[in-house]
Amino acid sequence: MTMPAELFPWAPGREGYYGDFGGAFVPEMLHETLAELRAAFDNARRDPAFWKSYVEVMSTYAGRPTPVTYCDNLTRRFGGARIYVKREDLNHTGAHKANNVMGQGLLVQRMGKPRVIAETGAGQHGVATATMAARLGLACTIYMGEEDIARQRPNVFWMEQLGADVVAVTDGTRTLKDAINACLRDWAESMADTHYVLGTVCGPHPFPQMVTYFQSIIGHEARTQMLDATGELPRRVYACVGGGSNASGVFAGFLDDLSVELVGVEAGGKGIDSGKHTARLAGGKGRPGVAQGYKSVFLQNEEGLMQDTYSVAAGLDYIGIGPMLADLHQRGRVRFESATDSEVVEALRLTMRSEGLIPALESAHAFVAAFREAPSLSSADAVLVNQSGRGDKDIFTVADALGDEGWKDFIRRKAASYER
Amino acid sequence: MTGARTAGLESHVRERLAKKPLLLMAHVVVGYPSLDANWAMLEAMDGAGVDLVELQLPFTEPIADGPSFVKANHDAIQAGTAWRAYFDLTARAATRFSFPILFMGYYNSVFRMGAERFCARLSEAGMSGFILADLPPEEAAELNAMARGRELDPILLMTPTNSPARLAEIGRQASGFVYCTARKGVTGRKTDLSQGVAAFLERCRTATSLPLGLGFGIKTAADVREVRGLANIAIVGTACLEVWEERGADGYRQFLKTLAAETV
């Protein structure tokens with residue numbers, strides 16, 4: 001595969017800006033650390049051997065390239081565009097998070113740092129980071145909001161089994177954003193021997209660029225695969241957007257193809273009007289701001305205090321959005337839509353029954369928008385949905401949403417067997 | 001209105017330094033534990049002879065702060081502390097007390113307010129300058145120019161991780177005084193001042209002729225005594241708040257007096 005440094009239409013401008021958004025707004029303490037990281041990353045991406053070693057690791061360790069699957073049953077059901085799915089759920093640890101993590105791991109080796117830290121919301125990025133740390137022999141601390149720990153206990157189990165320390169974050173809303181703050185605080189102390197493996201395309205420069213770079217492997221593969229499968233480019237590409245890393249990755253492969261419409265799907269939660277959502281762009285509720293090291297669009301009040309966000313999908317439950325995506329939205333290159341919790345559960349059920357695919361609740365947001373729009377396209381059109389992760393991790397949430405009595409009985413019996 | 005602001009912060013600091021070897025700067029998170037408690041804190045600072053005061057506007061994502069201040073920020077926000085309450089308190093304080101008052105906070109508050117309105121509000125409230133924990137100098141040129149037009153000093157930070165070139169760059173843009181952090185990390189944890197702090201402050205001296213403040217982990221009267229001869233201003237933040245919580249208003253007054261006693 002071609003090294004994306006040569007086809008990098010989304011390189012940031014001055015000081016890591018994408019249009020009005022981006023930059024690096026961190027305490028002075030971290031200034032040199034970010035400079036060091038920028039230098040290491042620039043050096044690595046100019047070295048053709050680096051991208052090669054990344055692709056090699058991903059193919060021998062993580063299961064890449066992931067396939068594109070044609071979904072005939074869904075296509076016939078909606079009677080419009082042909083529906084294709086990019087299978088990021090088949091990555092080791094079950095989500096696109098592995099791409100970014102292994103890439104940053106290679107960078108950590110080049111920098112010679114013995115310890116990594118990471119934030120995690122749903123736990124996917126934490127588990128991926130813990131596998132990378134185990135594989136590369138790095139000490140690993142994962143910060144996770146207390147509330148997310150309660151929601152995603154199985155992932156905590158796996159992180160600990162993989163040798164990571166999982167630290168509960170008890171301040172703020174006790175979710176993903178607070179875990180990011182905790183990482184920035186740890187890093188302000190530990191930077192000499194520690195790399196912060198930020199999990200999404202947010203945070204200070206160079207993280208948005210670097211994470212997009214590693215995740216662009218999705219888009220570059222998918223573009224070739226769609227051409228092979230259909231002889232042409234897809235009409236639309238759909239991806240869910242929390243911080244925006246899977247969307248940035250898949251969109252990166254198609255940014256120069258202006259015939260391809262790019263659609264980001266945010267969490268509509270219980271509906272935009274309910275105030276319980278994370279639709280920063282699609283809902284029009286986000287405002288420009290600066291937090292967690294970068295300038296972007298955030299869900300915040302008029303005085304700049306961040307608001308509580310909500311989604312059935314913990315991985316989308318976040319206040320901000322990657323600066324590159326905010327810019328692409330402003331420039332009209334990416335259209336943003338939202339999907340509500342109930343639409344998401346319905347799309348998940350349909351996808352499981354029709355195709356035997358189990359998308360994560362996060363990824364199911366992208367399916368909602370594709371299903372909504374497919375009937376109005378023609379069978380001459382192909383659309384691509386990025387299935388960013390697999391849904392097995394969501395068994396508790398999904399079982400609740402589907403009201404599965406058999407599962408509840410099982411949990412009751414299991415709990416009873418542990419009683420002392 | 002005091003003479004401090006019109007004379008400029010640097011001149012004020014230098015005038016004070018002509019009378020005593022070390023100045024003391026203390027900190028309040030506005031709205032925590034309450035606005036009334038904040039007023040009592042300010043009266044105690046005035047009574048003890050504190051030389052400079054930073055008033056923090058609470059923010060939901062205080063990434064440069066340690067656990068005590070993080071909790072204070074969140075609780076103040078929960079209690080509904082907004083811009084209006086903040087500026088009401090600062091304006092009252094500037095009228096009542098003689099020490100210069102600095103805004104302390106995070107850049108998003110300024111960004112949402114707008115640079116011009118931010119400077120106007122500080123100026124109208126009688127404040128002398130501001131410390132923004134997450135605004136690097138390369139993003140601050142416009143704001144800082146606007147501020148100086150209103151005789152407000154942007155207080156920049158120098159840290160032990162900065163290269164000599166970076167310190168020199170900060171030195172070129174600084175005014176008023178420079179806030180030097182005695183160690184890496186965030187606010188709150190104790191600092192061992194014997195470990196490289198003197199050498200770090202030497203590097204800061206090379207980069208600027210402005211007075212130097214030393215903060216981060218200065219927690220006791222003994223710490224303040226150690227700052228004498230190292231820096232020009234001892235900055236005590238988290239320790240004040242912790243004393244208020246552990247020993248109440250009387251303990252707080254007493255604590256400030258013991259700190260101030262080390263500066264004369």
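## Working through a two-chain model

B:F216 has a relative accessibility of 10%, so B:F216 counts as buried (buried means under 20% relative accessible area, exposed over 50%, partly exposed in between, using a 1.4 Å probe and protein chains only). This is a predicted model, so local features need pLDDT of at least 70 and side-chain atom pairs pLDDT 80 or more, while totals for chains, interfaces and linings use all residues. Residues are numbered from 1 along each chain as its sequence is written, chains are lettered from A and ligands numbered from 1 in the order in which they are written, and side-chain values use heavy atoms, leaving out hydrogens and water.

### Exercise 1: Get to know B:F216

Find where B:F216 sits, what its phi looks like, and which ring it pairs with.

**Solution**

1. Start with the place: B:F216 is in the loop between β8 and α11 of chain B. Helices (H or I, at least four residues) and strands (E, at least two) are DSSP runs, numbered from the N terminus.
2. Now check the backbone. B:F216 isn't a glycine, yet its phi is positive, near 80°.

Before the ring partner, let's look at ring pairs in general. A pair of aromatic rings is described by the distance of the centres and the angle of the planes.

3. Over all chains, the structure holds 28 aromatic pairs. Rings of Phe, Tyr and Trp (its six-membered ring) pair if their centres lie within 6.5 Å; planes under 30 degrees apart are stacked, over 60 edge-to-face, and the rest tilted.
4. Warm up on chain A: A:F396 and A:W407 pair edge-to-face, 5.4 Å from centre to centre with 75° between the planes. A:F396 belongs to helix α14 (residues 395–402) and A:W407 to helix α15 (residues 405–418) of chain A, so this pair ties together parts 11 residues apart in sequence. A:F396 itself is partly exposed, at 37% relative accessibility.
5. Back to chain B: B:F216 pairs edge-to-face with B:Y179, with 6.3 Å centre to centre and 90° between the planes. The two come from distant parts of the chain, 37 residues apart, with B:Y179 in strand β7 (residues 178–181) of chain B.
6. One last check: both B:Y179 and B:F216 are buried.

### Exercise 2: Explore where the chains meet

Work out how many residues each chain brings to the contact, and which parts of chain B take part.

**Solution**

1. Count the residues: chain B brings 40 residues and chain A brings 37 residues. Contact means heavy atoms within 4.5 Å.
2. Look at the area: about 3,100 Å² is buried between the chains, with carbon and sulfur atoms giving 55% of it. Buried area is the accessible area (1.4 Å probe) that two parts lose on being put together, summed over both.
3. Pick out the big contributors. On the chain B side, B:E61, B:I63 and B:R112 lose the most area to chain A, together 21% of what that side buries.
4. Count the polar pairs: 19 residue pairs across this interface are in polar contact, both partners being at pLDDT 80 or more. A polar contact is a pair of N or O atoms within 3.5 Å; within protein, one must be able to donate a hydrogen and the other to accept it, and residues adjacent in sequence count only if both atoms are side-chain atoms.
5. Name the helices: α4 (67–78), α6 (107–113) and α9 (164–173) of chain B each supply at least two residues of the side that touches chain A. Of the elements of chain B, α6(B) gives the most, with 5 residues.

### Exercise 3: Follow A:E189 across the interface

Which residue forms a salt bridge with A:E189?

**Solution**

1. Locate A:E189 in helix α8 (residues 176–190) of chain A. Its relative accessible area is 33%, so A:E189 is partly exposed.
2. List its contacts. Apart from neighbours within four places in sequence, A:E189 is in contact with B:K184, B:G185, B:V186 and B:R189.
3. Find the bridge: A:E189 forms a salt bridge with B:R189, with the closest N and O atoms 2.5 Å apart. A salt bridge is a side-chain nitrogen of Lys or Arg within 4 Å of a carboxyl oxygen of Asp or Glu.
4. Put it in context: the interface of chain B and chain A has 3 salt bridges by this rule.

### Exercise 4: Is A:S311 buried or exposed?

**Solution**

1. Find A:S311 in the loop between β12 (294–298) and α11 (323–330) of chain A.
2. Read its accessibility: at 1%, A:S311 is buried.
3. See what surrounds A:S311: beyond four places in sequence, its contacts include A:R151, A:D341 and A:H365.
4. Finish with its side chain, where a polar atom of A:S311 lies 2.9 Å from the backbone nitrogen of A:A313.
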